[in-house]
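Subject: Structure for you, with notes

Hello,

Here is the structure we spoke about. Please open it first, then read the notes below.

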Amino acid sequence: MISPTPQPANAPSPNTIRVEYDDTTVRRFMFASVLFGVVGMLVGLLAATQLAWWQANFNLPYLTFSRIRPLHTNAVIFAFVGNMMFAGVYYSTQRLLKTRMASDALSSIHFWGWQLIIVAAAVSLPLGFSTGKEYAELEWPIDIAIALIWVVFAINFFWTLAKRNEQQLYVAIWFYIATIITVAVLHIVNSLALPLSPLKSYSAFSGVQDALVQWWYGHNAVAFFLTTPILGIMYYFLPKAVGRPVYSYRLSVVHFWSLVFMYIWAGPHHLLYTSLPDWAQSLGMLFSLMLWAPSWGGMLNGLLTLRGAWNKVREEPVLKFFAAGVTFYGMATFEGPLLSIKSVSALAHYTDWIVGHAHGGALGWNGLMAAGMFYWLTPRLFGTKLHSKSAADAHFWVATIGIILYLVSMWIAGINQGLMLKALNPDGSLQYPSFVETLLAIRPMYILRAVGGLLYLGGFLLMAWNLIMTARSGKAVNGVADVLRRADAEPSATAFDVVKGRPIWFSVLTIAAMVAFGMASSTVMAVVMIAVLAVIGEGAYLLSRRDKAAGKPSWFTLVEGRPLAFAVLTLLAVLAGGVAELLPTILVKQAVPETGAAQKPYTALELQGRDIYVREGCYTCHSQMVRPLIGDTQRYGEVSRAEEFIYDHPFQWGSKRTGPDLHRAGGRYPNLWHYSHMVDPRAVSPGSNMPSFEYLASMRLDTAIAPRKLAAMQKLGVPYTNADLEHALETQKAQAEVLTADLKTQGIELAWDTDLTAIIAYLQRLGRDTGVPLTAPPPPTAVVPPPAPAPDPAAPVAPAVPADPAAPPAPAQPVGGAP
Amino acid sequence: MKSDRPGVLHVFDDIEEADNHLPLWWLATLFGAIVFSAGYWLMFHTMHQAKSPMEEYREEAEAHRAQLKQSGPSSDGVLLALSKDPQVLSEGEKVFKTSCVACHGQNGEGVVGPNLTDRFWIHGGGPLAVHASISHGYPDKGMAAWGPVLGQEKVTNVSAWVLAQRNKNLPGKAPQGTEEP
């Protein structure tokens, strides 16, 4: 153990060593974050502009909204926040552990490797290389690179922990440990895929299972990439900046462990009212509600640390950013549980409210915390003072107004459209049968949102300038400290002491009782389990009080001195929720042949079309999930069923409806309608903001790859026969020619082997067993029975019925319109 | 590391850590949410005392169907809504298979009467137009008025089914009437 008094530098004891921190890596990550922050937000602004003015898609594949949106999300999450997180972790970890990072080489590999991954993403996403899973769109070689670089980071971090000169781990380090471990688990499981070619793969999971794995990942990417590392950063930089003690250690303990344990379970709140089994949906909702307090624990520890120093907050821009960032965190983590309530989700899901919620976190929490940290770090990293405090103040106000405009416009847009989409006339029919009508109603909000984004980006650019000017006014300096070497002897506590710790056994018992309660089929059993849980809780409380009174050292103190034990326990806490939800759902796979016997796999052409649907990112605006809600079934058709998706690798349920749901689109419109709609959406759906996909008509399908695609699907368990594989090329061509022949009868010339042909074939197949026929029907005249002088010899149009003309021809309605 | 200062538990890199009590209202939200969750699970998944979203939907759908039928074919929207309702469609199909197949074929592909699965309509293919054709008929052209025979409900059901067959383009009788896109 180390003595608490710092040794004066001029009187080095034999145990004192001088440590120079590696701040070069910190500077690199910081400026990479600023650079990619600008890029990511610029792309976001373009996307926002495209939603308000479709012309901003410029008819270019690489700039089309659906390809740009994954670029925006990936850039902001992994490039902007990722680099910011690494800067904060490298800076604070070295100082909290009183040692330089273990390996400069690994730090360097980590930095350059991560930037290479970002560049690979920035190139591959606009080119359309996408797995079609949100926030995990990067294709498999990049996924492998991410895993490798993450391991490099982990080795470097844990190695640094091993050679630390501070025995106990501060709460910031706990959060970093949780981040590193959990992101690795999430990324690897969700990226499991079967490669088809060097830049194309199919998710190993399908349908409901893929959806559950994806949102277990997606939700926890928010938790463990955007939240826990930033909480760690808050715990270091906020008290540093304000110079006051962190409010409460015990609050840190309680909210850390409850947060990492509960967060994992909440993923299914993204799938409420879908085909996911109801028990899993309920778990997602309930754990989200229970997550409210643990999340607010972090906010409270931040805000209460500022207590008594609000005068400093008024004067110091760094503190303004932190105070507002933590407040937005509190707001977003209150809104999250609210949106997870089933009945709220019924209205808000698929609408812009969710987009607003995500940006409350990204702009408010991540963006403002990043800015606060950068303003604090840059002068220290360059041995100077901030170039312009008033510019930083201006940044704060512009950013805050930008966020408010963004959030308010999305609340209004989301709630308004949600209500319009479900509104019924007194006779029970839809009040707004045309989807476009609801989109046009919220267009002013889309414009306002773009303005909010523009303001936020403007503030960010101001910061970039300010930081560069600050850096130029000083020169790079590395932190130096004289630290006491940690005694080589391991602490007296052994691994056995950790394992026999009472909190472990109470946790194990609690989880066991929880599972027993959850699975109890009889009320008596469930009530007994509640009683058992109450006894466990009360027992734990009484025993810990007794120990405390007796002055015994806490078990948590013990674990906080042993990084390995801490990491293993965190992993177990995190795995509990994942195993409990994923395992039963994945084991159900055995039952799939029964439930899915009637489901027919896609034809070769439809599968090709599906890949184009994924490549173009159609899921960014269209869902494929009709929920059991009158508003949904009235508009789109029959409720979606789990077994309809068993061959969908990956699932394409989507998470946002900027356009209508497509699950029952198959057969609803003629091929010509689809052709016209893809080439010029506004020709058949006036007012639509969908980009034109005219370019698909001139893109040639890789027809030769069809058999290999079927073979890959066969490996994943889709029941294609070998004959299907052998004849894939012929059936592909035959089906395409039926489609193009149909178009030709209406004067449209389309080559059979275009991307457009394939995607129309796929759309015509959605939600039903048969799509475009595989062989052309014989000409109608051939079947007509010898026409006896029929009673209706080509009767002229005689709309004798008065009501007739009132009905517009149904298929000409805008997308998702009356039909 | 441990700190000697009063009220400060640890110090890490000059960051002091206090150990204040957990705010009571915060504890209340934590335990409140846990108790609520246990109760919710008990009600919905153990005792099944509350309806699942699917059960709730089925009831609402039933009521909604009744509402649509009661208001009669007052608008295209009502008929289109019914044409997406599997239960209405199966009832409609039964009516079609007993009363209509003779002239329009097993699946509406047309025999003596016109093909109902193409894009061509003699008396209009809009929902209300189809309903009116079935209900009032065109006796001079061989189409009976089925309203008095079948009753409103069955006419509505079969209209919904016919609407769902539009543009299936089954091979059958050659197109008649005008094309509706």
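**Salt bridges**

A:Arg610 and A:Asp648 are both buried. They form a salt bridge with each other, and the closest N and O atoms are 3.2 Å apart. Please keep in mind that this is a predicted model.

Where do A:Arg610 and A:Asp648 lie? A:Arg610 is in helix H22 (residues 604-616) of chain A, and A:Asp648 is in the loop between H23 and H24 of chain A. The two are 38 residues apart in sequence, so the pair ties together separate parts of the chain.

The loop between H23 and H24 of chain A also holds A:Glu644 and A:Arg664. Their side chains meet in a salt bridge, at 2.8 Å from N to O. Both A:Glu644 and A:Arg664 are buried. They are 20 residues apart, and the pair links distant parts of the chain.

Chain B has a salt bridge within a helix. B:Glu62 pairs with B:Arg65, with the closest N and O atoms 3.1 Å apart. Both sit in helix H2 (residues 53-70) of chain B. They are 3 residues apart, which means a separation of about one helical turn. B:Glu62 is partly exposed, at 43% relative accessibility. B:Arg65 is buried, at 8%.

Some salt bridges share partners. Such bridges join A:Glu638, A:Arg641, A:Glu643, A:Glu644 and A:Arg664 into one network. Over all chains, a search of the whole structure finds 37 salt bridges.

**Cysteines**

How many disulfides does the structure hold? The count is 0 over all chains. A:Cys621 is in no disulfide, and its nearest cysteine sulfur, that of A:Cys618, is 8.8 Å away. A:Cys621 is buried, with a relative accessible area of 13%.

In chain B, the sulfur of B:Cys100 has its closest cysteine sulfur in B:Cys103. The distance is 8.8 Å, too far for a bond. The cut-off for a disulfide is 2.5 Å between the sulfur atoms. B:Cys100 counts as buried, at 13% relative accessibility.

**Nonpolar cores and a surface patch**

The largest nonpolar core has 195 residues. Which of them touch the most other members? They are A:Trp114 and A:Phe374. Helix H6 (residues 207-242) of chain A gives the most to this core, with 22 residues. A second, separate core has 46 residues, including A:Tyr602, A:Ala604, A:Leu710 and A:Ala712.

Look at A:Phe374 in the viewer. Leaving out residues up to four places away in sequence, A:Phe374 touches A:Met30, A:Ser33, A:Val34, A:Phe80, A:Met84, A:Pro379, A:Met463 and A:Leu467.

In soluble globular proteins, nonpolar side chains tend to be buried together. There is also a nonpolar patch on the surface, of about 550 Å². A:Phe58, A:Leu60, A:Tyr62, A:Val119, A:Val123 and A:Leu127 make this patch. A:Leu60 is in the loop between helix H1 (24-52) and helix H2 (65-97) of chain A. A:Leu60 is partly exposed, with a relative accessible area of 39%. Patch residues need over 30%, so A:Leu60 at 39% qualifies on that count.

**Backbone points**

The peptide bond from A:His649 to A:Pro650 is cis, with omega near -5°. A:Pro650 is in the loop between helix H23 (630-636) and helix H24 (671-679) of chain A.

Positive phi values occur at A:Lys98 and B:Asp13, each a residue other than glycine. For A:Lys98, phi is near 55°. A:Lys98 lies in the loop between H2 and helix H3 (104-124) of chain A. Is A:Lys98 buried or exposed? A:Lys98 counts as buried, at 16% relative accessibility.

For B:Asp13, phi is near 45°. B:Asp13 lies in the loop between strand S1 (10-12) and strand S2 (15-17) of chain B. B:Asp13 is buried too, with a relative accessible area of 13%.

A last loop position is A:Ser191, between helix H5 (171-190) and strand S2 (193-197) of chain A. A:Ser191 is buried, with a relative accessible area of 18%. The C-alpha atoms of A:Ser191 and A:Ile144 are separated by 8.8 Å. Along the chain, A:Ser191 and A:Ile144 are 47 residues apart.

Best wishes

Methods. Residues numbered from 1 in each chain as written. Chains lettered and ligands numbered in written order. Predicted model: local features only at pLDDT ≥ 70, side-chain atom pairs only at ≥ 80, totals over all residues. Heavy atoms only, no water. Patch = residues over 30% accessible without salt bridge, like charges linked within 9 Å, V, L, I, M, F, W, Y side chains within 5 Å. Areas by Shrake-Rupley, 256 points an atom, 1.4 Å probe, with all protein chains shown as cover. Salt bridge = Lys/Arg side-chain N within 4 Å of Asp/Glu carboxyl O. Helix = DSSP H or I, 4+ residues; strand = E, 2+ residues; numbered from the N terminus. Buried < 20%, exposed > 50% of the residue type's maximum accessible area, 1.4 Å probe, protein only. Core = buried A, V, L, I, M, F, W, Y, C linked by side-chain atoms within 4.5 Å. Contact = heavy atoms within 4.5 Å.
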